[in-house]
Amino acid sequence: MILKDHPNLRTRLDDAFLLRFLRARKFDYDRALQLLLNYHASRKAWAEVFQDLKPSTVKHVLDLGFLTILPRPDPHGRYILCLRPGKWKPNDYPFVDNIRAIYLTLEKLIQPEETQVNGIVILVDYTGVGLSQASNPGPLLAKKVVGILQDGFPIRIKAVNIINEPRIFKGIFAIIKPFLKEKMAERYVLHGSDLASLHRVIPQSVLPQEYGGVAGRLDMSAWSRTLLEAEEEFVVEFCQPDPLEGVILPDSMVFEGEQAGARGEDSFRHLRSQLYYCY
């Protein structure tokens with residue numbers, strides 16, 4: 001289908017790579033092909049994230065402890081991506097660097113077949129998140145991130161667990177929710193500071209001590225080393241000419257452009273005022 005319909009698309013055609021997209025769309029060939037096109041289109045649409053994308057360019061994010069992968073999968077064989085947005089401060093570096101680190105993590109995480117089949121779980125710890133972090137990513141940025149995760153990357157996100165969320169999280173989620181598909185929105189679970197609630201969906205045996213688990217202290221360095229040691233493979237994958245050069249894509253792709261972004265900014269200004277009031 002790729003060779004027939006998109007002969008100019010410079011993409012990997014090996015089974016291991018294409019199976020990622022087929023598994024993510026339950027072997028629906030048409031939907032898998034669209035996902036592949038979206039995967040490449042996202043790079044073209046958001047050069048700020050994908051240009052020169054390699055682990056060494058986000059080492060400052062990794063060193064800060066913004067994200068890691070817990071060493072043990074849950075009983076369903078799903079690895080857990082742990083995000084700690086409170087570690088980031090707007091004056092440290094642009095928020096887009098966090099997105100770059102997340103994308104690199106997902107690229108590395110999706111390589112084993114087990115992850116392609118089982119999917120992943122996301123755990124977000126909002127400890128330390130205040131007004132400065134909450135009001136920074138606008139709706140256009142949120143729309144792009146959600147668009148990539150839902151329609152532009154071959155991974156199954158089976159659950160998103162939120163803990164220690166502040167009162168202003170309602171404002172944060174109000175920015176994200178309009179872009180979530182119903183099925184994905186239903187996978188968000190808010191636990192607050194109730195670790196017993198978290199343990200009902202993620203057992204203590206795979207959680208670190210910081211979250212009431214028994215799997216040792218939270219280690220942010222191991223995953224950082226894993227990514228940095230994979231520098232060369234990311235250089236080959238992302239530091240090459242545009243794979244969509246010369247390819248004509250349909251109008252309905254992942255991102256809808258500036259008009260949608262303008263509408264989102266109007267609603268964001270209203271939400272930001274609510275955030276200030278709440279805070």
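**A nonpolar cavity and its surroundings**

The lining of the largest cavity comes out as 36 nonpolar residues, two polar ones and no charged ones. This is a predicted model, and a search of the whole structure turns up one cavity of 30 Å³ or more. The space inside the largest cavity comes to about 840 Å³. Its lining is made up of 38 residues, and those closest to the centre are L83, F95, Y126, V145 and I176. Quite a few elements chip in: two or more lining residues come from each of α4, β2 (79-83), α6, β3 (120-125), α8 (131-134), α9, β4 (157-163) and α10. Helix α9 gives the most, with seven residues.

Helix α9 turns up again when it comes to charge pairs. The structure holds 10 salt bridges, and one of them joins K181 to D151, with N and O 2.6 Å apart. D151 belongs to helix α9 (residues 139-151), while K181 sits in the loop between α10 (169-176) and α11 (182-185), so this pair ties together parts that are 30 residues apart in sequence. Neither partner is fully tucked away or fully out in the open: K181 is partly exposed at 44% relative accessible area, and D151 is partly exposed at 23%. As a general point, side chains of opposite charge can pair when their charged atoms come close.

Two other salt bridges link residues with nearby numbers. R12 pairs with D14, and their closest N and O atoms are 2.9 Å apart. With a relative accessibility of 33%, R12 counts as partly exposed, and D14, at 31%, falls into the partly exposed class too. The side chains of D52 and K54 also meet in a salt bridge, here with an N to O distance of 3.5 Å. D52 has a relative accessibility of 37% and so counts as partly exposed.

Helix α14 (residues 231-238) has a buried side, made up of E231, F234 and F238. Looking down the axis of α14, these buried residues fall within an arc of 65 degrees, so they line one face of the helix. That fits a familiar rule: an α-helix has 3.6 residues a turn, so residues three or four places apart point the same way. On the face of α14 turned away from the buried side are the exposed residues E232 and V236. As for what covers the buried residues of α14, the list includes α3 (29-45), α4 (47-50), α6 (96-109) and α13. Two of these elements, α4 and α6, are also among those that give two or more residues to the lining of the largest cavity.

Helix α13 also marks one end of the loop that holds P208, which runs between α12 (195-199) and α13 (221-229). Despite its place in a loop, P208 counts as buried, because its relative accessibility is 4% and the cut-off for buried is under 20%. Which residues does P208 touch, leaving aside its neighbours within four places in sequence? Its contacts are L70, G213, A215, G216, R217 and L218. Of these, L70 is 138 residues away from P208 in sequence, yet the two C-alpha atoms are 8.0 Å apart in space.

How values were computed:
Residues are numbered from 1 along each chain as its sequence is written. This is a predicted model: local features need pLDDT of at least 70, side-chain atom pairs count only at pLDDT 80 or more; totals for chains, interfaces and linings use all residues. Side-chain values use heavy atoms; hydrogens and water are left out. Helices (H or I, at least four residues) and strands (E, at least two) are DSSP runs, numbered from the N terminus. Buried means under 20% relative accessible area, exposed over 50%, partly exposed in between (1.4 Å probe, protein chains only). Contact means heavy atoms within 4.5 Å. A salt bridge is a side-chain nitrogen of Lys or Arg within 4 Å of a carboxyl oxygen of Asp or Glu. The arc is that of the directions from the helix axis to the C-beta atoms. On a 1 Å grid over the protein atoms alone, a cavity is a set of points where a 1.4 Å probe fits but cannot get out, and a pocket is an open set with protein on both sides within 12 Å along at least five of seven lines; lining residues have an atom within 4 Å of a point. Grid points are joined across faces, edges and corners, and a volume is the space filled by probe spheres set on the points. Ala, Val, Leu, Ile, Met, Phe, Trp, Tyr, Cys and Pro count as nonpolar, Asp, Glu, Lys and Arg as charged, and the others, Gly among them, as polar.
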